[in-house]
Amino acid sequence: MKKTPMIKLFEDAAKKLGYHPYMMPSANLSDQYTNPDGISRAACQYCGYCERFGCEYGAKADPVVTVLPVAEKTGNLDLRVNANVTGIRHDGKKATGVVYVDTITGEEFEQPADIVVLASFVFNNVRLLLTSKLGKPYDPASGTGVIGRNYAYQVQAGKATGFYDDKEFNLFMGAGALGSNIDDFNGDNFDHSSLNFLHGANLRISQTGQRPIQNNTVPAGTPGWGKEFKKASLQYANRVLTISAQGASMPWRHHYLDLDPTYKDAFGLPLLRITFDFEDQDRELTKFLGQKAGEIMREMKPAKTEVSAELQKYSIVPYQSTHNTGGVVMGADPGTSAVNSYLQMWDAENVFVVGASAFPHNSGYNPTGTVGALAYRAAEGIQTYMKGGGLLA
Ligand SMILES: Cc1cc2nc3c(=O)[nH]c(=O)nc-3n(C[C@H](O)[C@H](O)[C@H](O)COP(=O)(O)OP(=O)(O)OC[C@H]3O[C@@H](n4cnc5c(N)ncnc54)[C@H](O)[C@@H]3O)c2cc1C
Ligand code: SF4
């Protein structure tokens, strides 16, 4: 991806401080490309639309453009849209199929299956297993059971915002994953001996194409409306840069997912309930990383720097992160994990549960690269299973 002026500014500042910036891995295409499956796609136009939405050029490596057309060509794909799976049928040892409702007609169908791949995001993976009574539900009191265990999140571990008076950046342009990172304070890459937390975070600056209404950062103390607010909004529309941290989230015995005792969906199935809050570990991590973000931002020489290094109580409002993990975790021991390293369920050998639900904890990164890697791993396991059956080593 192209290095824009703000990315260069970040890289120069980070290098000056002795850190090691690198361009963010990206699923946006930097050039026109024909992949080994014969799918040709256009280069990214830097319109910034894909930070939240699909790409109309097909420049983002989304399964809609990279996987489904290839599967369709085999003649073996039967795609059933508007199908909401409400349960996995099983005989206690193996799945026998799934039940789904056509959400347009309301008609219910049962689809028999030799293999069921559950890939309905972290939350629905856990919910469907719990409502289908497949796998042992996690019990936080005894610490036993596995479905719902190890729920973790992404700690938005501090940030630094720089307001410029003399420089302007074209922040309305960008791409979903256009940016630069440092991992100098991620994982075990730094000395924790005097620190009160484990793990770390990836520090980054990104240019995702700011939307005009959602992105309206003004300096602290600016009134929230009126003439001064408008003036500051216009002044800083293209003159504000942010370095932020995506922090690791550790598993705790009292953080978990289970079925809500009260609320139900349109099909009468219980909603999923999240039991989670930030811990001192997360607060300490945020304090440290927020200060590091501030250090780099000051080196980028804005007129004013604001550092945010305090973590509030967890709340889903306002929006924080979509990076949820755990609940059907991978491991070597069926007593503490739900799936093996091929994402094959210990309790039902023909069910493969794919997604960040397999993460035993969340690391200092966005999850989807690893989710993609796990999907390949599961595919390998499914191929092997189809030949011989049984639990894979
Ligand atoms: C706004 C936003 C921005 C994000 N940005 C990033 C980012 O920059 N980097 C990153 O790494 N991650 C990012 N993520 C997270 C990323 O999208 C997820 O990690 C990833 O999509 C998970 O892949 P998945 O295949 O497990 O689940 P999904 O992509 O959610 O796919 C699950 C599919 O299952 C379907 N489904 C669910 N339940 C049922 C059911 N009962 N019956 C039938 N179908 C069902 C859903 O419709 C969906 O199509 C972002 C997420 C959001 C929402
Ligand atoms: S920025 Fe995103 S949506 Fe726009 S062309 Fe590039 S990949 Fe597509």
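**Exercises on the two ligands of a predicted model**

In this predicted model, a nitrogen atom of ligand 1 lies 3.0 Å from an N or O atom in the side chain of Asn-124.

**Exercise 1.** Decide which side chains make polar contacts with a nitrogen atom of ligand 1, given that a polar contact is a pair of N or O atoms within 3.5 Å.

*Solution.* Begin with Asn-124, where the distance from a side-chain N or O atom to a nitrogen atom of ligand 1 is 3.0 Å, which is within the cut-off of 3.5 Å. Next take Asn-366, whose side chain has an N or O atom 3.1 Å from a nitrogen atom of the ligand. Then turn to Thr-368, where a polar side-chain atom is found 2.7 Å from a nitrogen atom of ligand 1. Taken alone, ligand 1 exposes 980 Å², and the protein buries 57% of that area.

**Exercise 2.** Describe the residues that surround ligand 1, and state which elements give two or more residues to its shell.

*Solution.* Start with the count, which is 15 residues, with Val-85 and Thr-322 among the closest. Sorting the shell by class then gives six nonpolar, eight polar and one charged residues. Finally, the elements that give two or more residues are the strand β4 (83-90) and the helix α4 (121-131).

**Exercise 3.** Work out where ligand 2 sits and which residues come nearest to it.

*Solution.* First, ligand 2 is placed in the largest cavity. Around ligand 2 there are 14 residues, of which Asn-28, Cys-44, Cys-47, Cys-50 and Cys-55 come nearest. By class, this shell divides into nine nonpolar, four polar and one charged residues.

Note on methods. Residues numbered from 1 in each chain as written. Chains lettered and ligands numbered in written order. Predicted model: local features only at pLDDT ≥ 70, side-chain atom pairs only at ≥ 80, totals over all residues. Heavy atoms only, no water. Near = heavy atom within 4 Å. Polar contact = N/O pair within 3.5 Å; in protein donor to acceptor, adjacent residues only side chain to side chain. Areas by Shrake-Rupley, 256 points an atom, 1.4 Å probe, with all protein chains shown as cover. Helix = DSSP H or I, 4+ residues; strand = E, 2+ residues; numbered from the N terminus. Nonpolar A, V, L, I, M, F, W, Y, C, P; charged D, E, K, R; others polar. 1 Å grid on protein atoms, 1.4 Å probe; cavity = no way out; pocket = protein on both sides within 12 Å on 5 of 7 lines; lining within 4 Å. Sits in = over half its atoms within 2 Å of the grid points.
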